[in-house]
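Student: Could you take me through one part of this model in detail, going slowly enough that I can follow each step on the structure?

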Amino acid sequence: TSSTVNYNNSGAQNIGNYVYYNLTLSGSGTKTLLNNLQVNNNLFIDGSATLYTNTFSVSGNAAGTFTMASGTGLTLGNSNVATAVLFPANYTAPNIFLDLLSTVTYQANTGQVVSNVPAYGNLIIGATTASTTKTCDGNLTVNGNLSVDGTSAFSVNTTAATWTIGGNTAITGTLDFGTTTAKTISLGGDLSGTGTINMTGAGL
C-alpha cells in the first residue's frame, strides 16, 4: 500500500504498534514509541515534534527517506535504562535529510554507537545519570552544533577519521580522540565548556 499515517496533535502522543508504510510525526510535543517501529517507506518528522524512541528501535527501508525538518528532534534511548538504541536502521545516506536546525540526541544509560551515515544538523551526546561512552568510528559531519553533556564521553574510537563540526562545540563531558590512528576534528565555530578533551595516543 501507499498509505500515510500522521500523528499531528499539538502535544505528547504515543505511537501505535503497527507496521507503517509512510509515517509522519508533526504538530508539536514528544511522540513516544511503545514498541519497536517498522516504517516500510518514508519517515518524516515535521513541525516542532520530537520522536522519542525510549528503549525501542526504528527500522526503515533503503528505498525510503528519513527527513527531519527545522526545529524537530530525535531522541535515541532512555537516560535511565541501559538499552543501546541506534540511529534508524536501513536508511541510506542519500535518502537521509536532517535540517541544519534539527537535533539528534544519543542519551541511553549505556554505551551507544553514533552513526556516521547521516550528516547531522545538531548532535547532542548526553546521559546525565551515568558515565557512558558514545562511540563513532569513521568520518562524521555535523552541520550545526555539537554538545557533549554531563558525564558522557564521545569517542573517535580506533579508526582514522575526520570529523567536521560546522557550528559551535560545547563540552561539559569528555571528547576522546581514541587510539593511535590519526584523527582530525575541524571546528567551524566556538569551543566552550568545562569538560575534558583527551588526546592521549591520538596520533595527532
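Tutor: A strand here is a DSSP run of E of at least two residues, and strands are numbered from the N terminus. With that in hand, and bearing in mind that this is a predicted model, consider Ile197, which lies in strand 26, the run covering residues 196-198.

Strand 26 belongs to an open sheet of five strands, ordered 14-17-20-23-26, in which the pairing is parallel. Strand 26 is one of the edge strands of this sheet, the other being strand 14 (112-113), and each of them pairs on one side only. The partner of strand 26 is strand 23 (residues 174-176), and the two run in the parallel sense with three bridges between them. Within this pairing, Ile197 is the bridge partner of Leu175.

Turning to the side chain's surroundings, Ile197 counts as partly exposed because its relative accessibility is 36%, which falls between the 20% limit for buried and the 50% limit for exposed. Ile197 also contributes to a nonpolar surface patch of about 340 Å², together with Leu187, Leu191 and Met199.

The sheet order also includes strand 20, and the loop between strand 20 (153-155) and strand 21 (161-165) holds Asn157. Asn157 has a positive phi, near 65°, although this residue is not a glycine, and Asn157 is partly exposed because its relative accessibility is 23%. A positive phi is also found at Asn54, likewise not a glycine, with a value of about 55°; Asn54 sits in the loop between strand 8 (48-52) and strand 9 (58-59).

Methods. Residues are numbered from 1 along each chain as its sequence is written. This is a predicted model: local features need pLDDT of at least 70, side-chain atom pairs count only at pLDDT 80 or more; totals for chains, interfaces and linings use all residues. Side-chain values use heavy atoms; hydrogens and water are left out. Patches are made of residues with over 30% relative accessible area and no salt bridge: like charges are joined within 9 Å, nonpolar side chains (Val, Leu, Ile, Met, Phe, Trp, Tyr) within 5 Å. Accessible areas come from the Shrake-Rupley method with a 1.4 Å probe; for residues, only the protein chains shown count as cover. A salt bridge is a side-chain nitrogen of Lys or Arg within 4 Å of a carboxyl oxygen of Asp or Glu. Helices (H or I, at least four residues) and strands (E, at least two) are DSSP runs, numbered from the N terminus. Buried means under 20% relative accessible area, exposed over 50%, partly exposed in between (1.4 Å probe, protein chains only). Two strands pair if DSSP finds at least two bridges between them.
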